[in-house]
Amino acid sequence: MTEDAPSFDGLIAACGLPRIDARALAAHASGRTREWLAAHGNEAVAPAIAAQFRALARRRAAGEPLAYLLGWREFYGLRFAVSPAVLIPRPDTELLVRWAIEHAPPEGRVLELGTGSGAIAVTLALQRPDLRVTATDLSADALAVAAGNRDRLMGAAAGRLTLLQGDWYAALPAEARFDVVVSNPPYIAADDPHLRQPDLACEPRGALTDGHDGLDALRAIAAGARRVLVPDGCLACEHGWDQGAAVRALLTRAGLSGVRTLRDDEGRERVTFGCGRAPDAGADAEP
Ligand SMILES: C[S@@+](CC[C@H](N)C(=O)[O-])C[C@H]1O[C@@H](n2cnc3c(N)ncnc32)[C@H](O)[C@@H]1O
């Protein structure tokens, strides 16, 4: 093997990245599967592909997230297209999705606020084909990514997911009502040092932080929920592991009852939900 015609095994060993990242970038640069690379890694690589791999590896080493370099991230077993216009969907968010799959009533109407790539809304619509889903975002660029994912992953069923642009509930027609509202809003405080980590610094700032204490978006979402929920409808929000008590207080103050927080596999509080009262549950059921 000459220096001009390196193998992928050689390129991967030389790039200094963790093997799992390097192999993913090699597969991306070559258009081959990781399985093909495992079997053919010692074969000579065309110079243009080697150059593309080295360029991607340099960007990864500088901190660009792997998902942006590959252009996709898997969520709930589906491959979602991502770009720097959207948050990279996190496995943590599957907790919120599982809650919604279990709790949305048959034939229910679901609203997702702040859809980004559309990972939550598309997954819900595919896992529960009886649901009608509306998803919103402030960012037109994010909605374009979500629309691409919806059309590719939902095909003929794409009509069951409506995308709307606007500031939280302002995106909705006045008469819109939902059985379930879910959101994974920006909840990192503006002064959180994690925002300066190279990978987070590549993601849209408006998807990560409210620019304030990390609770502004959750305040707005909680405060507006009862106006769009049917009387016994429910709101569920993802939040930071240390925000459980604050979010429970916000949902309670917003008039929701049965407020509870779900923990992730590590025992951290990550999703809080509450519901309006059923019409026969008491005189104070209606706001
Ligand atoms: C944490 S990301 C969640 C993205 C996606 N739902 C997910 O879980 O991967 C928050 C999303 O909220 C959107 N967002 C931020 N402020 C908003 C606002 N005022 N109104 C609507 N969407 C907003 C951002 O553009 C971003 O897409």
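Phe 75, Tyr 76 and Phe 80 come together as one aromatic cluster. Keep in mind that this is a predicted model. Across the structure there are four aromatic pairs, and two of them are described here, along with two charges that sit over rings.

Let's start with a pair from elsewhere in the chain. The ring centres of Phe 8 and Phe 53 are 6.1 Å apart and the planes meet at 75°, so this pair is edge-to-face. Phe 8 belongs to helix 1 (residues 8-15) and Phe 53 to helix 4 (residues 47-61), so the contact ties together parts that lie 45 residues apart in sequence. Phe 8 is buried, with 5% relative accessibility, and Phe 53 is buried too, at 1%.

Back in the cluster, Phe 75 and Tyr 76 have ring centres 6.3 Å apart and planes at 45°, so they make a tilted pair. How exposed are these two residues? Phe 75 is buried, with a relative accessible area of 1%, whereas Tyr 76 is partly exposed at 22%.

Here are both pairs side by side:

| Pair | Centre distance | Plane angle | Geometry |
|---|---|---|---|
| Phe 8 and Phe 53 | 6.1 Å | 75° | edge-to-face |
| Phe 75 and Tyr 76 | 6.3 Å | 45° | tilted |

Now for the charges over rings. Which residue has its charged end over the ring of Trp 36? That is Arg 32, at 4.1 Å from the ring centre. A second tryptophan, Trp 72, has Arg 79 over its face, 3.5 Å from the ring centre.

Note on methods: Residues are numbered from 1 along each chain as its sequence is written. This is a predicted model: local features need pLDDT of at least 70, side-chain atom pairs count only at pLDDT 80 or more; totals for chains, interfaces and linings use all residues. Side-chain values use heavy atoms; hydrogens and water are left out. Rings of Phe, Tyr and Trp (its six-membered ring) pair if their centres lie within 6.5 Å; planes under 30 degrees apart count as stacked, over 60 as edge-to-face and the rest as tilted. Helices (H or I, at least four residues) and strands (E, at least two) are DSSP runs, numbered from the N terminus. Buried means under 20% relative accessible area, exposed over 50%, partly exposed in between (1.4 Å probe, protein chains only). A charge sits over a ring if NZ of Lys or CZ of Arg is within 6 Å of the ring centre and within 35 degrees of the ring normal.
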